[in-house]
Each structure stands twice: as structure tokens, then as C-alpha cells.
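Student: Hi! Could you walk me through this structure? I'm new to this, so plain words please.
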Amino acid sequence: MLHETVVQGLWLILPAYASNMLATLVGGGPPIDGGRSWSDGRRILGGGKTWQGLILAPLLAIAIGALQHAYAADVGFGVTDFGTSPAYLVHVYALALGALLGDLGASFLKRRLGKERGERWLGPDQYDFIAGALLLAALASLATMAWTGSWWLFEALTLGPFLAILILTPGLHLLVNGIGYLVGVKEVPW
Ligand code: CTP
Ligand code: MG
């Protein structure tokens, strides 16, 4: 069923979305690049990438993933849990931290392309955190195979839900950020 596929995809990627959104709320303070510039004279990452966002947001997102994990069997739609205990905590954290690392990588490239902080970069702005989240979760669940006996991400994320994530993310990201902009927690609506 199509709606189940969509729910399953969004469910799995929710810790990444949460982490990305939480960074906007809890970010601030010293920038990761320490204000330093790259050899091209532009900031390495820019003022929008802070330690507070990078460290706090994924930790807070663990709470959301842990709740999802606890209730996965009750919500229906065939949604997945996040693996066996305690490996699920590693997988959730990997999704959440990976999201912000992907975002960091995109900001590095944005600065190299001469784009200022907050300037729009259609495509990477929407997909950077998804790519980072899935990549780190793939690696993390490969690492936890020794405990779990299976490669969690590839058991949990089948082709349908994966495609649902890819197809829905640009619109969903714009919607979420648009709301963030309207309520005043985001400086730009992308
Ligand atoms: N944020 C943070 N630390 C991070 C990531 C995000 O503090 N590691 C906060 C910043 O306040 C940032 C906001 O979340 O402004 C929104 O993130 P994002 O859109 O990724 O940053 P931009 O300011 O748009 O900068 P960039 O052009 O580099 O994407
Ligand atoms: Mg941005």
C-alpha cells in the first residue's frame, strides 16, 4: 500500500529531520570553524555551523528516536524499529549525527562556491542531511552487525520507503523550513 510505504519511509528518517530542525533551535555560540577562512579567503564553514548545534541537536534527537523505537510495534503501518537493543541507540544517533555532518559538508562546498551563509542552493540544501544520515546509518549498522547479526539499515529500509524519502524530501523540507521561517526560528525559508 502506498500510504504505508510513505509512512515507513518518513518514520525511519524522522530522527534525521528532528536533528536538522533541532539544530536551528539549539544552535548558536562558537562556530565550528572558529571564524577561520579557507585558502580562498572565504569562511571554512560559516557562522551557521556551530558546536552547540552539532553536539546538542543529535543528542536531543536520540530521545525522539528512542520513543519511536519503543512505540514502533503499536503505531502500525508496518513501521520499523531501529534494531536490537542497545544497537538501536547507535543507529538512531548515526541518523541524527549523520544529518548534521551532511549539512556541514554541504556548507563547506557552499562556501567554496562563494555562496554566503543562508544563501539558497537548491538540491543540496534539501538532500544534504538525508545523504549524511543514510550514509552514517549504513556505516554504523555495518559496525553493529557483530552484535545484531544483521545489517539493520538494509533490513529496515526497503526500496519503496527509500524512494518515498527521496521523492517527498524536497517538498517536506521546504514546508518544515517555511514554517520555521514563519514562526521566527529560521532566518531564511530554505
Ligand atoms: N545550526 C547550528 N549548527 C549546525 C547546524 C545548524 O547552529 N551544525 C543552526 C544555525 O543557527 C543555522 C540554522 O541552524 O543558521 C539553520 O541551518 P542551515 O540552514 O543549515 O544553515 P544556514 O545558516 O542556512 O547556513 P548555510 O548557508 O551554511 O547552509
Ligand atoms: Mg541553509
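Tutor: Happy to! One term before we start: a polar contact is a pair of N or O atoms within 3.5 Å. Keep in mind that this is a predicted model.

Student: Okay, so how far is Lys-186 from ligand 1?
Tutor: A polar atom in the side chain of Lys-186 lies 3.3 Å from an oxygen atom of ligand 1. That pair counts as a polar contact because the cut-off is 3.5 Å.

Student: And how much of ligand 1 does the protein bury?
Tutor: On its own, ligand 1 exposes 580 Å². The protein buries 88% of that area.

Student: Which elements give two or more residues to the shell around ligand 1?
Tutor: Those are α1 (2-26), α2 (51-75) and α3 (87-112). Of the elements, α3 gives the most, with four residues.

Student: How many residues surround the ligand in total?
Tutor: There are 17 around ligand 1. The closest are Lys-49, Thr-50, Ser-107, Arg-111 and Gly-118.

Student: What does Thr-50 do there, in terms of distance?
Tutor: A polar side-chain atom of Thr-50 is 2.6 Å from an oxygen atom of ligand 1. Gly-118 uses a backbone N or O atom instead, and this atom lies 2.7 Å from an oxygen atom of the ligand.

Student: What kinds of residues make up the shell, by class?
Tutor: The shell around ligand 1 has eight polar, seven charged and two nonpolar residues.

Student: And what about the space that ligand 1 takes?
Tutor: That space is the largest pocket.

Student: Let's change topic. Where is Lys-110?
Tutor: Lys-110 sits in helix α3.

Student: Is Lys-110 buried or exposed?
Tutor: Lys-110 is buried, because its relative accessible area is 8% and buried means under 20%.

Student: Which side chain does Lys-110 have a polar contact with?
Tutor: Its partner is Asp-125: the two side chains are joined by a polar contact of 3.0 Å.

Student: Anything else in α3 to look at?
Tutor: Try Ala-94, which is also placed in helix α3. Ala-94 counts as buried, with 5% relative accessibility. Its C-alpha atom is separated by 25 Å from that of Gly-34, and the two residues are 60 apart along the chain.

Student: What about the loop between α2 and α3, where Phe-77 is placed?
Tutor: Phe-77 has a phi near 60°, a positive value in a residue other than glycine. Phe-77 is partly exposed, because its relative accessible area is 38% and the partly exposed class lies between 20% and 50%. Pro-86 is in the loop between α2 and α3 as well.

Student: What is the peptide bond from Ser-85 to Pro-86 like, cis or trans?
Tutor: That bond is cis, with omega near 0°.

Student: New topic! Where can I find Ala-156?
Tutor: Look in helix α6, which covers residues 152-156. Ala-156 counts as buried at 17% relative accessibility. Ala-156 and Asp-81 are 75 residues apart in sequence, and their C-alpha atoms are 7.8 Å apart in space.

Student: Last one: where is Trp-190?
Tutor: Trp-190 is in the segment after α7 (159-182). With a relative accessible area of 26%, Trp-190 is partly exposed.

Student: And how far is Trp-190 from Leu-142?
Tutor: Their C-alpha atoms are separated by 33 Å, and the residues are 48 apart along the chain.

Conventions: Residues numbered from 1 in each chain as written. Chains lettered and ligands numbered in written order. Predicted model: local features only at pLDDT ≥ 70, side-chain atom pairs only at ≥ 80, totals over all residues. Heavy atoms only, no water. Near = heavy atom within 4 Å. Polar contact = N/O pair within 3.5 Å; in protein donor to acceptor, adjacent residues only side chain to side chain. Areas by Shrake-Rupley, 256 points an atom, 1.4 Å probe, with all protein chains shown as cover. 1 Å grid on protein atoms, 1.4 Å probe; cavity = no way out; pocket = protein on both sides within 12 Å on 5 of 7 lines; lining within 4 Å. Sits in = over half its atoms within 2 Å of the grid points. Nonpolar A, V, L, I, M, F, W, Y, C, P; charged D, E, K, R; others polar. Buried < 20%, exposed > 50% of the residue type's maximum accessible area, 1.4 Å probe, protein only.
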